[in-house]
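Subject: Handing over the structure, with notes

Dear colleague,

Here is the structure I would like to pass on to you, with my notes below it. Please read them with the coordinates open beside you.

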Amino acid sequence: MATPKPERGEVLVKICSALTCGTDLKAFLRGHPMIPIPGVFGHEFSGVIAEIAEGVAGFSPGDEIMSVHSAPCLECPYCRKGLFNLCENIMKTKVLGAFAEYILLPTHIVKQNLFHKPAGLSFSEAAFLEPLSCVVHSMADLHVRESDRILILGAGPIGLLHLLLAKLKGAKVMITALEEERLKMAKALKADVTVMLEELPKALREFADGLGVDYVFECTGQARVWEESVHYVRRGGTVVLFGGCKSGTRVSYDAYRLHYDELILKGVFHFTPQDVKTAYSLLQGPLNVSPLISGSYPLGDVAIPFEKLSAGEGIKYAVIP
Ligand SMILES: [Zn+2]
Ligand SMILES: [Zn+2]
C-alpha cells in the first residue's frame, strides 16, 4: 500500500510494534462486524512520528508515541450525553491497518488520544494502550473494593488484563481457563485461585464462602459461558459481559434469579478518552504488561502469530515492521 500523506491536523506514524488481539483473530477466522475482511487490520500499536501536517500542537517528527485507533466525534447525541464509547461515529471513523509500516492518524484521534511514549516503556508495552483502555472501561463504573471477590472467566489477554487490574485494586481474584498453560500464567500474575473451567463450581464454594462472588467478568465470548456466568455471582452482584459472541447469538437467563437476587448484567464495549488517560497512567506506573507478550514476528510473517493463537498458543504477539 502507498504510504499515506498527512493533511491538516493529521499525523503519520511509523509503526514500531503492533499487537495481535482476540478481535483480530476473530476477524481472521470468521469475519467481524467492525472489521471488514478482506481489508487491512491491526489496531494496537505504537511508533515514531514520521510526518506531521499543519495544525497539530504538542508533537514533532521523531517523537515516540502511543495511541489508540479511535476517538469519539463529540457531536452526536451519545457524545452529548457523555457516553463517548457509544458515539455513533466512533466505529465509522476508527483506523485499522497497524500491521503495516505506517498508519495515518486523523485529527479527532490526534486531538484526543495521542500520547508521548515514556522512555521506560517498550514499544510493545506501549501498544497495550488500546486493550488496557477496554479493560479500564470494563471496571470504570464499578466500585471494586479490597475485600471484594472477583471471578474472571477466561485467561486470554483480556482476562489476564482484568486480573492485573483487579489485583491492583486489592481484590481477591479467581480465574478460569481451558488450558493449564494459561493457569500457570495467571498464577504468575498473582491470581489468588486458578481453576480449570470444569472444576469451577466446587472451587467457587470455597472461594466465595458459599455466597457467590461480588463480580464476574465474562472474558470468553462463548454463549454457554455467558449463560453460566450468573450462577457464580452473589445476590446483588454484577456480571460484566466483556467477551463478544458471534453476531446473531442469543442467550437466556433465569428471570426469577435476575429479579429476586437483584443481579446486574452489564454489557461493556470499547472505551472513552477518560479510560485511555487512565490506561496511559497505569502503563507508566504500577501495571506491568510485559509477561503477556508471548513473542514477536516480523511483519512479513504476520500470519504465523494468528496460526499460533488459533492453536491456543501464546497470549499476545508483537508484529514488528
Ligand atoms: Zn484489541
Ligand atoms: Zn459521537
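Which residue lies over the face of Phe128, and how far is it from the ring centre? It is Lys316, placed at 5.8 Å from the centre of that ring. Please keep in mind throughout that this is a predicted model. A second charge is arranged in this manner, since Arg149 lies over the face of Phe207, at 5.5 Å from the ring centre.

Turning to the metal sites, the zinc ion (ligand 2) takes its protein donors from four cysteines, Cys73, Cys76, Cys79 and Cys87, each through SG, at 2.3 to 2.4 Å. The angles between these four donor atoms run from 101 to 116°, and because the range for a tetrahedral site is 85 to 135 degrees, the arrangement counts as tetrahedral. Along the chain, the donor residues of this ion follow the spacing C-x2-C-x2-C-x7-C. Their exposure is worth checking residue by residue: Cys73 has a relative accessibility of 24% and therefore counts as partly exposed, whereas Cys79, at 5%, counts as buried.

The zinc ion (ligand 1) is coordinated by Cys21 through SG, His43 through NE2 and Glu44 through OE, at 2.1 to 2.4 Å. The spacing of these donor residues in sequence is C-x21-H-E, and both His43 and Glu44 are buried.

The aromatic residues come next, and the structure holds eight aromatic pairs. One of them joins Phe99 and Phe306, whose rings meet edge-to-face, with 5.8 Å from centre to centre and 80° between the planes. This pair links distant parts of the chain, given that Phe99 sits in the loop between α2 (77-80) and β4 (102-105) while Phe306 belongs to helix α12 (residues 303-310), 207 residues apart. Both Phe99 and Phe306 are buried, and ring pairs link these two with Phe28 and Phe41 into a cluster.

Another pair is formed by Tyr256 and Tyr260, which is tilted, with the centres 4.7 Å apart and the planes at 40°. Both tyrosines lie in helix α10 (residues 255-260), where they are four residues apart, or about one turn of the helix. An α-helix has 3.6 residues a turn, so residues three or four places apart point the same way. Tyr256 has a relative accessible area of 59%, and because the cut-off for an exposed residue is over 50%, Tyr256 counts as exposed.

Two helices deserve a separate remark. In helix α1 (residues 22-30), the buried residues include Asp24, Leu25 and Ala27. These three cover an arc of only 160° around the axis, and they therefore lie on the same side of α1. Among the elements that cover the buried residues of α1 are β1 (11-19) and α12, and α1 is followed by Gly31, which has a positive phi near 80°.

In helix α5 (residues 129-140) we find His137, which has a relative accessible area of 11% and is buried because the limit is under 20%. Leaving aside residues up to four places away in sequence, His137 touches Asn85, Val268, Phe269, His270, Phe271, Thr272 and Asp275.

With best regards

Note on methods. Residues are numbered from 1 along each chain as its sequence is written. Chains are lettered from A and ligands numbered from 1 in the order in which they are written. This is a predicted model: local features need pLDDT of at least 70, side-chain atom pairs count only at pLDDT 80 or more; totals for chains, interfaces and linings use all residues. Side-chain values use heavy atoms; hydrogens and water are left out. Rings of Phe, Tyr and Trp (its six-membered ring) pair if their centres lie within 6.5 Å; planes under 30 degrees apart count as stacked, over 60 as edge-to-face and the rest as tilted. Helices (H or I, at least four residues) and strands (E, at least two) are DSSP runs, numbered from the N terminus. Buried means under 20% relative accessible area, exposed over 50%, partly exposed in between (1.4 Å probe, protein chains only). A charge sits over a ring if NZ of Lys or CZ of Arg is within 6 Å of the ring centre and within 35 degrees of the ring normal. Donors are N, O and S atoms within 2.8 Å of the metal (3.2 Å for Na, K and Ca); water is not among the atoms, so sites may look incomplete. Four donors count as tetrahedral if all angles lie between 85 and 135 degrees; four count as square planar and six as octahedral if opposite donors are over 155 degrees apart and all others between 65 and 115; anything else is irregular. Contact means heavy atoms within 4.5 Å. The arc is that of the directions from the helix axis to the C-beta atoms.
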